[in-house]
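Trainee: Could you walk me through the aromatic pairs and the disulfide chemistry here?
Mentor: Happy to; let's open the model and take it step by step.

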Amino acid sequence: MTFQRIVIALLVLIVAGLGAIGYVEWRMAVQVRTLKAFVEGYVFNEAVMACERAQSSTPFKWNGGKSTSVIGLNSVKLDKYNVSASYTLVADSVYCDYDPIKRKAEIGSSFLERE
């Protein structure tokens, strides 16, 4: 009888622990989405201006473009200590990667091939 009570108590604790972990993860995901949306909104105007000023054989026209979309903020961990960020925009099938740290735009570049 004591063994059954111990097993049931452990099962209840495990279920409660899994529920708590799920709740904390859900709250953290909401906060991360909110932070990402804030950063993307903050960087958007800079990215558009930098992409339109960038020198390229294919011009990037966000304002007046027929088909524009925001791919968003991306990041790649290059090594143990370095993370590279990019904000990517597409206007009329022309891709532009904007680096918010260096404040530099590259048109038609591949985010993963940048320095």
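The questions below go through ring pairs first and cysteines afterwards.

Trainee: How is the aromatic pair of Tyr23 and Trp26 arranged: stacked, edge-to-face or tilted?
Mentor: Bear in mind that this is a predicted model. Both residues sit in helix α1, 3 residues apart, about one turn of the helix. Their planes make an angle of 40 degrees, with 6.0 Å centre to centre. Stacked needs under 30 degrees and edge-to-face over 60, so the Tyr23 and Trp26 pair is tilted.

Trainee: And what arrangement do Phe60 and Trp62 have?
Mentor: Their ring centres are 6.4 Å apart, within the 6.5 Å limit for a pair. The angle between the planes is 15 degrees. Under 30 degrees counts as stacked, so the Phe60 and Trp62 pair is stacked.

Trainee: Is Trp62 buried or exposed?
Mentor: Its ring partner Phe60 has a relative accessible area of 2% and is buried. For Trp62 the value is 14%. Buried means under 20%, so Trp62 is buried.

Trainee: Which residues form an aromatic cluster?
Mentor: Phe60 and Trp62 are part of it, and Phe44 joins them. The cluster is therefore Phe44, Phe60 and Trp62.

Trainee: What is the handedness of the disulfide between Cys51 and Cys96?
Mentor: The two sulfurs lie 2.0 Å apart. This disulfide links distant parts of the chain, from Cys51 in helix α1 to Cys96 in strand β3, 45 residues apart. Both cysteines are buried. The torsion about the S-S bond is about -90 degrees, so the disulfide is left-handed.

Definitions and conventions:
Residues are numbered from 1 along each chain as its sequence is written. This is a predicted model: local features need pLDDT of at least 70, side-chain atom pairs count only at pLDDT 80 or more; totals for chains, interfaces and linings use all residues. Side-chain values use heavy atoms; hydrogens and water are left out. Helices (H or I, at least four residues) and strands (E, at least two) are DSSP runs, numbered from the N terminus. Buried means under 20% relative accessible area, exposed over 50%, partly exposed in between (1.4 Å probe, protein chains only). A disulfide is a pair of cysteine sulfur atoms within 2.5 Å.
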